[in-house]
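Trainee: Could you take me slowly through one part of this model, and show me how that part is tied to what surrounds it? I would like a careful answer that I can follow with the structure open beside me.

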Amino acid sequence: MKTIKMSNGVEIPMLGFGVYTIKDAAECERCVREALEAGFRHIDTAAIYGNEPAVGKAIKESGIPREEIFLTTKLWVQDYTEEKAAGAIDGALKRLQTDYVDLLLIHQPFGDVYGTWRSMVKAYDAGKLKSIGVSNMYPDRMMDLIMNMRPVPMVNQVRTNPYYQNILNHEIMTANGVVHEAHSPFSQGDARIFEEPELIKISEAHNKSVGQVILRWLVQRDIVALARTTKKERMSENIDIFDFELNSDEMERIKALDRPDGNSYDHTDPEVVKNACSWRYSY
């Protein structure tokens, strides 16, 4: 598996398996187990997903040494104070049945981000977290955190796909040594993206699927990609992207697909903020 080095020297696999919306414990355990069997060594979960215990169990029972698996989880808004975040980190470690996580992210850019970051830095210094970062940070919030906090976030996980490419954010992250990680690379399963004529043409030219082309496009831009599926055959397909390369013309044709309405979940929308701040998880 190809990796990219973060600012602290830790390497993160370029492809990860996400478990968003896989809430049933048995199904989540199966999916993580099958993803590991397919070759994934990067698993991404979050407190709000409600499946950290299932992820931890699947990893522990996989027989794969813990140090060979890159595990990411995320803190939720209800834990965004310096004091609450400390307890939430320990809670996540307990649910995941591990002494550390490889990457912990602030899931949403709301609430007491500064206090939460200070708590994460303490846990990072204590060895509970191998790396720390943020998620869903738009360019303005990303720059605010870069200018005011240390260390600079090692990762920003944001929605990135051919219809919403986050180009300005990517430039800011690259300039400041922040790894760009893409969630929703398939626009959360939006059928339009799989029916996009340009993507179909490119996929046919390489005898690959549209999904494989999208993941390859991200990796070639040095963007870590998270792919979610519950189908074993799709897991094997998603990881099989290292035997072909998109040429410069194909990369430009995909770049041209970026669209103003490509983001279906806008974190500047007051209703989105209101809803996110009201959601709660419980275990």
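Mentor: Let us begin with a term: two residues are in contact when heavy atoms of theirs lie within 4.5 Å. Please keep in mind throughout that this is a predicted model. The part I have chosen is the strand β3 with the helix that follows, and a good residue to start from is Val-32, which touches Phe-17, Val-19, Ile-43, Val-55, Ala-58 and Ile-59, leaving aside residues up to four places away in sequence. Val-32 is also named, together with Ile-43, Val-55 and Met-120, among the residues that touch the most other members of the largest nonpolar core, a set of 89 residues. The largest share of this core comes from α9, which gives seven residues.

Now follow the contacts of Val-32 outward, beginning with Phe-17, which stands opposite Ile-43 in β4. Strand β3, residues 15–18, and strand β4, residues 42–44, run parallel and are joined by two bridges. On β3, Leu-15 and Phe-17 on one side and Gly-16 and Gly-18 on the other are all buried, so that both faces of the strand are covered. Strand β3 is also joined to β10, residues 224–227, by three bridges, again with the strands running parallel, and here Leu-15 stands opposite Ala-225. To pass from β3 to β4 the chain goes through helix α1, residues 25–38, in a β-α-β crossover that is right-handed. These strands belong to a closed barrel of eight, with parallel pairing, which runs in the order β3-β4-β5-β6-β7-β8-β9-β10. From one strand to the next, the twist averages 25°.

Three of the other contacts of Val-32, namely Val-55, Ala-58 and Ile-59, lead to helix α2, residues 52–61, where the buried residues are Glu-52, Ala-54, Val-55, Gly-56, Ala-58 and Ile-59. The buried residues of α2 pack against α1, β4, β5 and α3, and just after this helix Gly-63 takes a positive phi of about 85°.

Helix α1 deserves a second look for its charged side chains. Arg-30 forms a salt bridge with Glu-34, in which the closest N and O atoms are 2.9 Å apart, and both residues lie in α1, four residues apart, which is about one turn of the helix. How exposed or buried are the two partners, Arg-30 and Glu-34? Residues count as buried under 20% relative accessible area and as exposed over 50%, with partly exposed in between. Arg-30 is therefore partly exposed, because its relative accessible area is 24%, whereas Glu-34 is buried, because its value is 12%. Salt bridges that share partners join Glu-27, Arg-30 and Glu-34 into one network.

A further salt bridge leads out of the helix, for the side chains of Glu-37 and Lys-232 meet at 3.8 Å, N to O. Glu-37 lies in α1 and Lys-232 in helix α10, so this pair ties together parts that are 195 residues apart in sequence. Glu-37 counts as exposed because its relative accessibility is 52%, while Lys-232, at 43%, counts as partly exposed. By the rule used here, the count comes to 15 salt bridges.

Helix α10, residues 232–239, also holds Asn-238, and this residue brings us back to the strand where we began. Asn-238 touches Leu-15, Phe-40, Phe-186, Leu-215, Ala-227 and Thr-229, again without counting residues up to four places away in sequence. Is Asn-238 buried or exposed? Asn-238 is buried, because its relative accessible area is 2%.

To gather the picture, β3 pairs with β4 on the one hand and with β10 on the other, and helix α1 carries the chain across from β3 to β4. Val-32 joins the picture through its contacts with Phe-17 and Ile-43, and the salt bridge between Glu-37 and Lys-232 links α1 to α10.

Terms used: Residues numbered from 1 in each chain as written. Predicted model: local features only at pLDDT ≥ 70, side-chain atom pairs only at ≥ 80, totals over all residues. Heavy atoms only, no water. Pairing = 2+ DSSP bridges. Axes fitted to C-alpha atoms, helices over the stretch in contact; angles between N-to-C directions. Buried < 20%, exposed > 50% of the residue type's maximum accessible area, 1.4 Å probe, protein only. Right-handed = clockwise from strand over helix to strand, strands pointing away. Core = buried A, V, L, I, M, F, W, Y, C linked by side-chain atoms within 4.5 Å. Salt bridge = Lys/Arg side-chain N within 4 Å of Asp/Glu carboxyl O.
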